[in-house]
Amino acid sequence: MNASKEPSFRESVDLMFNRAVALMDLPPGLEEKIRVCNATYTVRFGVRLRGQIHTFTGYRSVHSEHMEPVKGGIRYAMGVNQDEVEALAALMTYKCALVEAPFGGSKGGLRLDPRQWEEHELELITRRFAYELIKRDLINPAQNVPAPDMGTGEREMAWIADQYKRMNTTDINYRACVTGKPINAGGIQGRVEATGRGVQYALHEFFRHPEDIAAAKLSGTLDGKRVVVQGLGNVGYHAAKFLSEEDGCLITGIIERDGALVDAKGLNVEAVRNWIARHGGVEGYPEGQFVKEGAKVLEQACDILIPAAMEGVINLSNAAQIKASLIIEAANGPITAGADDILRQKGTVIIPDMYANAGGVTVSYFEWVKNLSHIRFGRIGRRQEEARHQLLVTELQRLNRGLGDAWEMSPDFKQKYLKGAGELELVRSGLDDTMRTAYQSMREVWHSRQDVTDLRTAAYLVSIAKVAASYRAMGL
Ligand SMILES: NC(=O)c1ccc[n+]([C@@H]2O[C@H](COP(=O)([O-])OP(=O)(O)OC[C@H]3O[C@@H](n4cnc5c(N)ncnc54)[C@H](O)[C@@H]3O)[C@@H](O)[C@H]2O)c1
């Protein structure tokens, strides 16, 4: 294949879907029903800014309503188009099914570069976009619940929730109309970092299986592994930070819009992030080496490659040169269908997007449930009980006393013990359980079926089977 034959993002998702359904025995016609996008709404609206009217184009796509509400982020970027939004909505359907978040798939986008607008201008634009979607029930706690994606975050979600409340003054569940909100606007602890945390938990689970580590031509643990990450935004930053600070990984490459930094000794993620915040890019960072053609660093030798920026970055033009033997797709669709073929033939192990970045929607689900139940999270679950018990045992050992003795708690212990399991602990353990269980469901298919040679096909098989079962149960 040459570069001109590169399929679009939407075609790539469909090609990978087709590869999986060819191995399934679905009732006639159901495959087509699952694959197609149910509806895409395009809106153009004007906002008076800087003395003139600016017209913006936005989309909200609903891929599958086999479960409602449908769920999926809202992206702000210049490249947003219908094809992209539909591909992302389809991935949301498969992702939610894989991790058993009870939602259908949706996605939205607004064609604009958020860096070109002031905060108060972005608020006006966001509120107007939200108004257009809310009045058509394309944002609604029972029907369609957005979340952050590229170019958006907590701030935009808070504006959307407030806009919904203004238009639905008697809806007590208004907070559940969007997830990824700030804590003081009905959000949940651990949501901001959830997708990056999920990438870390996915790698933890991968490294619990020696057979899988060997398949990726690696050995040992995460400690000391060389990691290259593309995109130091919400997902890439948190993934790189947790992997370097908690697991001992060396971040040997960071690729951003203006170029890349490489350093065999490992880069300080926090310091690079602060540099980007101050200077708008990685160029000039005082440590490591700056590479102007950042995308070339995707081809650098490393153990784990984490594309966490955007789709299509590993494609027919560079797939053969990729040296990492393990790629975890933190971004949606970073590998095109053609590149996926090349990498699979080379024996590269790919942990697919629909699983790898599902931490965001998983914790969004917790937030939505919290908003609907109107109860603060913090009841003690089994794992928290165990953790509390362990804390108690450790403290008693420290004091060298038996259980019946009178004893003084250390202030640190007292604070932790009396606090019990807080919301953050619950969110983390729920996310960890979800990432473990979903990985095991994929790997079971990967290792038990002769005709399944990769994790992506396994992920599609698991999720399509669940979507198909929903359609069959509800009747068409
Ligand atoms: N935010 C979430 O919770 C979430 C959940 C699931 C999946 N995702 C996916 O993860 C990816 C990143 O999302 P995000 O929320 O972290 O976005 P973000 O806007 O917070 O960060 C994106 C980062 O990538 C950088 N970037 C953009 N284009 C680049 C390029 N060509 N080369 C190198 N760097 C580039 C940006 O400068 C920015 O630092 C997207 O594919 C998104 O769909 C995000």
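**View 1. Helix 8 gives the largest share of the shell around the ligand, three residues.** Welcome to this predicted model, and let us start with the ligand. Around the ligand there are 24 residues, and the closest are G231, G233, V235, A331 and G360. Helix 8 covers 234–247, and together with strand 8 (250–256) it is among the elements that each supply at least two residues of the shell. Sorted by class, the shell has eleven polar, ten nonpolar and three charged residues. Domain 1 (3–185) and domain 2 (217–347) each contribute at least three residues to the shell.

**View 2. T195 and N234 gather at one spot.** Here we follow a record: UniProt, in an unreviewed entry, places the feature "binding site" at T195 and N234. These positions span 40 residues in sequence, yet no two of their C-alpha atoms are more than 8.1 Å apart, so they come together at one spot. T195 belongs to helix 6, which runs over residues 194–206. Is T195 buried or exposed? T195 is buried, because 31 other C-beta atoms lie within 10 Å and 20 or more are enough for that label.

**View 3. K107 sits in strand 5 and carries a UniProt annotation.** The label comes from an unreviewed UniProt entry, where "active site" covers K107. K107 has 32 C-beta neighbours inside 10 Å, so K107 counts as buried. Across the sheet, K107 is the bridge partner of S61.

**View 4. Strand 2 pairs with strand 1 and with strand 5.** Take your time with this one, since two pairings meet in the same picture. Strand 1 (residues 39–49) and strand 2 (residues 52–64) run antiparallel and are joined by eleven bridges. Within this pairing, R44 of strand 1 stands opposite T57 in strand 2. Strand 2 also runs antiparallel to strand 5 (residues 104–111), and six bridges join them. As you trace the strands, keep in mind that in a regular strand the side chains alternate between the two faces of the sheet.

**View 5. R50 lies at the turn of a hairpin, in the loop between strand 1 and strand 2.** How many residues are there between the strands of this hairpin? There are two residues between them. R50 has a phi near 50°, a positive value in a residue other than glycine. R50 is exposed, because only 8 other C-beta atoms lie within 10 Å and 12 or fewer count as exposed.

**View 6. D137 also has a positive phi, although it is not a glycine.** The phi of D137 is about 60°. Where does D137 lie? D137 is in the loop between helix 4 (119–134) and strand 6 (144–145). D137 has 10 C-beta neighbours inside 10 Å, so D137 counts as exposed.

**View 7. A cis peptide bond joins E68 and P69.** For this bond, omega is about 5°. P69 is found in the loop between strand 2 and strand 3 (70–71).

**View 8. The predictor scores the complex with an ipTM of 0.99 and a pTM of 0.92.** This last legend is about confidence in the predicted model. The chain averages a pLDDT of 93, and 93% of the residues score at least 70.

Note on methods:
Residues are numbered from 1 along each chain as its sequence is written. This is a predicted model: local features need pLDDT of at least 70, side-chain atom pairs count only at pLDDT 80 or more; totals for chains, interfaces and linings use all residues. Two strands pair if DSSP finds at least two bridges between them. Helices (H or I, at least four residues) and strands (E, at least two) are DSSP runs, numbered from the N terminus. A residue is near a molecule or strand if its C-beta atom, placed from the backbone, lies within 6 Å of it. Ala, Val, Leu, Ile, Met, Phe, Trp, Tyr, Cys and Pro count as nonpolar, Asp, Glu, Lys and Arg as charged, and the others, Gly among them, as polar. Domain bounds come from an automatic or database domain assignment. pLDDT is the predictor's confidence in each residue, from 0 to 100. UniProt positions are given in the numbering used here, feature names are shortened, and annotations may be inferred rather than shown by experiment.
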